[in-house]
Every structure is written in C-alpha cells, then in structure tokens.
Amino acid sequence: MRRLLRGDMLPLLSNLVSRRLVISSLPSLPPAPLPSRREAHLWYVVPNELEDASLLQDYRELLSPCEKENILSIKGEALKKCAILSRVLVRTTLSRYTDCKVNPRLFKFRKNRFGKPEVERQIGALWVSSSLQFNISHTSSMIACGITVDVPIGIDIEEKQRKPVNNILSLAHRYFSPYEVQYLASFMDPETQQSEFLRLWTLKEAYVKALGRGFSGAPFRDFTIRFEKSTDSVVPEQPKSEEFRIMIDTAFDSENLTANWQFALVELGGSHLAAICMEKDENMSGTEQDFLKLKVWKTLPYVEDKCMSETDAVKNISGLS
Amino acid sequence: MAAVSAAFVRFASLKPGSWSNQTNGVTSGVKFVTIGTSKLSLLSLRYSRFRVHCAAKPETVNKVIDIVKKQLALSDDTSLTPESKFSSLGADSLDTVEIVMCLEEEFDISVDEDNSQNITTVQDAADLIEKLVLQKAEAA
C-alpha cells in the first residue's frame, strides 16, 4: 500500500503539543442559568484588569479565523486588546448559557438583513437549545454583553464623564427629535445638560440596537425618549427626585418604529452609564410590563466572575424592578 | 461595494490640467466624463487606472483625516491613510455621528443616515463628500 500521507502533510508534533497546551490551559467556565422571559443578564469586562499577556494569547485562540484577521487589521495594542476581549466576552458568555456544553470557539455568527449580529443555533451536529439573544457595547474602558432568551435586546454603555467634542445642542439639533432638543435646552448647567445628553444617547442607541434595523432603519430624530415623573412612589409624600419612567414615542404612522419596548438605565461600576432595551411581554399586565429584571456580573473570563446585582456597582437610575 | 449603486457615475475633474497627463488620450479641455455602465463594469472601472483620478482629491482626504484625528484625540504622528477603517481606530457610534456632523459643517453638505451607514474608511467618507458637494453644486 502506498503511503497515503506524506511526511510533510502531518502537523509538526511540537505544534500539536503547544496547541493542546493552549486549549487545556484554560479552565472550564461555570455555567449560568438562563434568564427568565422578563429578565436580561449583563456581563461586563474591564480591559485594564487584563494584564497577563499569556491570558490574552489564550483568549485570541478562542476566536474564529475571520475574527483573528480583523484583529490583525487593528492598529495599536490597546485597541487590539479591546477587540479580542469583545469577541471573547460574547463567546464565553454564550457558552455559559448552554450549560458550557458548547465550547466558546464553536459559536458561529451571522448578520440579519440589516446587519445586526445573531448567533447560529445549529453548529455542526450541535443544536443550541435556547434562542439566545445578545447585544454588545463597548467603550475603551468597559465592554458589556447583554443576554436574553427569545426577546430582542439592545444595550449601550458610555463613560459617565464622556464629553462630546462638539456642542451638545448642535448635536441634538442635528440628530435628536424636537422634543428632546427642547428638553436638553432647558438645562442651564452644562454638566447636567451633558449628563442628560448621555442618558438620551445611550437609551436611543439601545433602542435602535434592540430593533436591529440599523441606524438608517430607525433614524434618531424619528422617535422621542422622554422621562415621565413616576406618580407611584414607595413613600407617596416624598417622591425621590430621580424617580421617573422612561417612555418612548414613535410617529403614529411608522410601521418600523414600534413602541412596545421597555427600558432600564443603570450606573455601572460608578463609572459608566448602561442603557438596556428589551421587548415588552404582552402577557404581562399593566405596570408589571414596565419594569425590567436585570442581573449583572463582572467578569474576566476563566479568571473571575463576580455577581454585582444588589451591590453598589449597579445603581438603578430608572426602569429596574 | 455598498456606497455606490447608481447605474452611472459622473466623474468630475475640477482641475482640467490633471487629465492631460493621462495615457488614455483625454484632452485637457474635458471637464466632465459621463459613463453609463452596469454595476459590474463600474467595479472594474473603479479598480482600473481611472480610479486614481476619480477618487476624492487629496485635500478632501486630508481634511477628513484632520477631523477624524481631532474627534478621536489621536496624536499628530498617528498615521492615518485613506484605507484606515473607522472601527479599527476605536471610533464608536457617538464618535461616528460627531465626525459626520463635523464633515457636514466643514463641507456644507448633508449626509443622510443611509449614506453614513456605508462609510467604513476615510476614503469612503472623502468620496461621499465629493459626491455630495458635486450634487449640491449641480442642484444650485
């Protein structure tokens, strides 16, 4: 019998050994129980906390060939690191919700016809039993991934202190709805105006990302986010000044811009604003619909996971039950 | 190639002299070349020698680079090329809309959401700007 394999077709033994070492150098991820219908889970990572170059290399090995190529096209170590972490966060987070039966490197992604990334449920012979929905957002100092089951979700995070380069009212005039421009113009103190701008910005971004129709599918000026003072407070005679509900108004004749979405706005880690938008559950009655259940974890995948819900790291601004 | 889907494209040289150096024999008096073509041959046109002369002027590209550097607070010695991708520079969505707004003010044009979604590189932005500037000049 002729030799079917030439010697040079076999991978080098040293490569096999080093690859296996890389795969097994990462411990297994703890699985996470699935969110319920009205729940969103948020996992976030702080890039500055990753200082171990060999861990970054292990992370890189989890990426698909296409993702690795994208990383190569990014200039600058800090940006490369964030890009790697972003993909690793999505892959490891999704893996947790399959009871860790699906290895992070196996997930495949596609884009819906408007460009919104989605995860394939069929991966070779494997089938991901839950319809996991996810959405990522990043700043240079934090990357977050929101997860729901079945329900479309959009998230957006921003550094609390972020100051737009351009004049806030110019930006609002150009991109926001007239109501929102008036709302922002009503603030005399520049810092408050900046803070309100960021709140509106993150909420609008979260909505557009949840809708999944792209920036042009849901132009910012075609819908209004407003804050309605809550009349029902725990202590009726002393409503907290922060107590308000996040409402959305869309043009009455708009087919694409639906209004059955609920919002939450939280402060994360004392440094970031996070807006979460998910579709309302019509089966819920009345005011139950308006509040979102959120669980938050801070993670450095394979190193440490910390549940941050019920701690000072997650401060509800509006919308959480 | 998302940015241009028109069945024909007008290439304008605002410097008549720039055509005269070409080997295609176009004389220096020609200011406009109108080409009717299918999308496929448009693509091949883009990548033939015509592309060099019909892409945005260097001044436009440089202005885009200046605005992007300012928005993203990049140091002066950061090298940005026409092929630089906004996403690879760390621009997020707020950066992108700020950049678009600055470009609109700088060139006195209006970029709608459909167009701005298709801009991925500095070159894309410069090409779109020149197309919009031209459309505006013709409409006037």
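How many bridges join strand β1 of chain A to strand β13 of chain A, and do these strands run parallel or antiparallel? Before I answer, please keep in mind that what we have above is a predicted model. The answer is that six bridges join β1, residues 39-45, to β13, residues 293-300, and that the two strands of chain A run parallel. If you would like to find one place along this pairing, look for Leu42(A), which stands opposite Val296(A) in β13(A). As general background, the strands of a sheet pair through backbone hydrogen bonds, and they do this either parallel or antiparallel.

Let me now turn to the sheet that these strands belong to. In chain A, five strands form an open sheet in the order β6-β7-β1-β13-β14, and the pairing within this sheet is mixed. At the edges stand β6, residues 132-139, and β14, residues 304-307, and because each of these chain A strands has a single partner strand, one side of each is left without a neighbour in the sheet. From one strand to the next, the twist averages 20°.

Next comes a helix that belongs with this sheet, namely α4 of chain A. Helix α4(A) lies across β1, β6, β7, β13 and β14 of chain A, and it runs at about 25° to β7(A). This helix, residues 77-96, has 20 residues and reaches 28 Å from its first C-alpha to its last, which is close to the 28 Å expected at 1.5 Å a residue. As for its surroundings, α4(A) is mostly covered, with 17 of its 20 residues buried.

For a single residue in another helix, consider Pro190(A), which is found in helix α7, residues 190-211, of chain A. Is Pro190(A) buried or exposed? With a relative accessible area of 57%, Pro190(A) is exposed, because a residue counts as exposed when that value is over 50%. Pro190(A) and Asp150(A) are 40 residues apart in sequence, and from C-alpha to C-alpha they are 41 Å apart in space.

Finally, a few words about chain B. Chain B has six helices and two strands, and if you read along its sequence you meet them in the pattern β-β-α-α-α-α-α-α. Of the 140 residues in chain B, 38% are buried. Among the contacts in chain B with a separation of 6 or more, 62% are between residues 24 or more positions apart. Chain B exposes about 7900 Å², and carbon and sulfur atoms supply 55% of that area.

Notes: Residues numbered from 1 in each chain as written. Chains lettered and ligands numbered in written order. Predicted model: local features only at pLDDT ≥ 70, side-chain atom pairs only at ≥ 80, totals over all residues. Heavy atoms only, no water. Helix = DSSP H or I, 4+ residues; strand = E, 2+ residues; numbered from the N terminus. Expected span 1.5 Å × (residues − 1). Buried < 20%, exposed > 50% of the residue type's maximum accessible area, 1.4 Å probe, protein only. Contact = heavy atoms within 4.5 Å. Areas by Shrake-Rupley, 256 points an atom, 1.4 Å probe, with all protein chains shown as cover. Pairing = 2+ DSSP bridges. Axes fitted to C-alpha atoms, helices over the stretch in contact; angles between N-to-C directions.
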